[in-house]
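User: I am new to this structure and should like to learn how its features are read. Could you guide me through them one by one?

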Amino acid sequence: HVSLVGHSFGAASSFLAAQQLGSKYPLRLAALLDTWAFSLPDATLQAAANCSTATHGESSGKASRQVPVVSLISEEWTKSKELFAVDTLLQALQSAGRLEGSYFVTGTVHQSFSDSALWLPKFLAEKLYMRGPAEDDGSTHKAVALCIHHHIVAASTADLVQPLHTSDPASARASTAKLLFEQGLLPKQLLPY
């Protein structure tokens with residue numbers, strides 16, 4: 001099984017790949033980091049609530065399935081004038097029962113999710129707005145990786161959501177984020193969005 005992870009335009013691409021390939025390939029999860037949803041056509045944003053993951057106009061002959069999604073947003077991205085497109089996408093995914101969790105990461109900028117914060121000297125990364133002023137070396141990457149890991153595990157096994165005693169997969173997925181917070185499995189810099 002494969003999980004898709006993308007940042008910015010890569011997140012939009014990962015979302016589209018999950019929509020179009022989810023019924024053909026064993027995709028476990030799509031993790032979207034600071035999704036540049038403004039680049040997606042309005043019809044795609046609205047179609048996110050569609051339960052079918054088959055390519056538009058195509059019939060795969062297989063039962064369609066939903067690829068669960070987790071979203072992480074930098075603090076800077078929550079102040080973007082294009083946030084409405086991200087909110088539209090997340091609301092559609094929530095309505096379809098596909099949104100496993102949505103988080104924002106405090107003290108971060110859009111580039112915090114990229115590798116530049118790992119190799120660029122701290123003073124230079126901060127000056128170029130490629131790292132939040134309070135970010136420790138690698139702290140954002142560790143928090144994001146841990147969050148995505150927990151969601152991949154939840155998507156592949158029932159162990160994480162089993163205590164919820166629910167037979168409804170959408171309800172179980174929506175409860176994953178809540179359970180992660182209740183069990184203290186996520187770093188404090190991750191907050192529900």
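## Reading the features

Analyst: Let us begin with a single residue: Phe38 is partly exposed, at 45% relative accessibility. Please bear in mind throughout that the model is predicted.

User: How should I read "partly exposed"?

Analyst: A residue is buried under 20% relative accessible area and exposed over 50%, and partly exposed in between. Phe38, at 45%, therefore falls in the middle class. Phe84 is likewise partly exposed, with a relative accessible area of 48%.

User: How many aromatic pairs does the structure hold?

Analyst: The structure holds 2 aromatic pairs. One of them is formed by Phe38 and Phe84, whose rings are 5.9 Å apart centre to centre, with 80° between the planes. An angle over 60 degrees counts as edge-to-face, so the pair of Phe38 and Phe84 is edge-to-face.

User: Where in the chain do Phe38 and Phe84 sit?

Analyst: Phe38 belongs to the loop between β2 and α2 (42–47), whereas Phe84 lies in helix α3. They are 46 residues apart, and the pair thus links distant parts of the chain.

User: What pattern does the protein follow along the sequence?

Analyst: The order of elements is β-α-β-α-β-α-β-α-α-α-α-β. In total there are 7 helices and 5 strands.

User: How do I read the pairing of strands, and how many bridges join β1 to β2?

Analyst: The general idea is that at least two bridges are needed before two strands count as paired. Strand β1 (residues 2–7) runs parallel to β2, and 6 bridges join them. As an example, Leu4 has Ala30 of β2 as its bridge partner. Between these two strands the chain passes through α1, and this β-α-β crossover from β1 to β2 is right-handed.

User: Which residue of β3 stands opposite Ala30?

Analyst: In β3, Val69 stands opposite Ala30. Strand β2 (residues 27–33) pairs with β3 in the parallel sense, over 4 bridges. Another partnership between them joins Ala31 to Val70 of β3.

User: How many bridges does β3 share with β4?

Analyst: Strand β4 (residues 99–105) pairs with β3 over 6 bridges, again in the parallel sense. Ile73, for instance, has Phe104 of β4 opposite. The route from β3 to β4 goes through helix α3 (residues 83–95), and this β-α-β crossover is right-handed.

User: Are the residues of strand β3 buried or exposed?

Analyst: Strand β3 (residues 69–74) is mostly covered, with 6 of its 6 residues buried. Val69, Ser71 and Ile73 point one way from β3, while Val70, Leu72 and Ser74 point the other way; all of these are buried. Strand β2 is also mostly covered, with 6 of its 7 residues buried.

User: How are salt bridges to be understood, and how many are counted here?

Analyst: Side chains of opposite charge can pair when their charged atoms come close. In this model the count comes to 2 salt bridges. One joins the side chains of Glu75 and Lys79, at 3.8 Å from N to O. Of these partners, Glu75 is partly exposed at 26% relative accessible area, and Lys79 counts as exposed at 64%.

User: Which residues form a salt bridge whose closest N and O atoms are 4.0 Å apart?

Analyst: That salt bridge is formed by Lys122 and Glu126. Both residues lie in helix α5 (residues 122–127); because they are 4 residues apart there, about one helical turn separates them. Lys122 is partly exposed at 38% relative accessibility, and Glu126 is partly exposed at 25%.

User: What can be learned from Gly10 and Thr35, which are 25 residues apart in sequence?

Analyst: They show how sequence distance and spatial distance are read side by side: Gly10 and Thr35 have C-alpha atoms 7.6 Å apart in space. Gly10 lies in helix α1 (residues 9–21) and is partly exposed, with a relative accessible area of 28%.

User: Which values describe the protein as a whole?

Analyst: Among the 193 residues, 46% are buried. The accessible surface comes to about 9,600 Å², and carbon and sulfur atoms contribute 58% of that surface. Of the contacts between residues at least 6 apart in sequence, 77% join residues at least 24 apart.

Definitions and conventions. Residues are numbered from 1 along each chain as its sequence is written. This is a predicted model: local features need pLDDT of at least 70, side-chain atom pairs count only at pLDDT 80 or more; totals for chains, interfaces and linings use all residues. Side-chain values use heavy atoms; hydrogens and water are left out. Buried means under 20% relative accessible area, exposed over 50%, partly exposed in between (1.4 Å probe, protein chains only). A crossover is right-handed if, with the strands pointing away from the viewer, the path from the first strand over the helix to the second runs clockwise. Contact means heavy atoms within 4.5 Å. Accessible areas come from the Shrake-Rupley method with a 1.4 Å probe; for residues, only the protein chains shown count as cover. Rings of Phe, Tyr and Trp (its six-membered ring) pair if their centres lie within 6.5 Å; planes under 30 degrees apart count as stacked, over 60 as edge-to-face and the rest as tilted.
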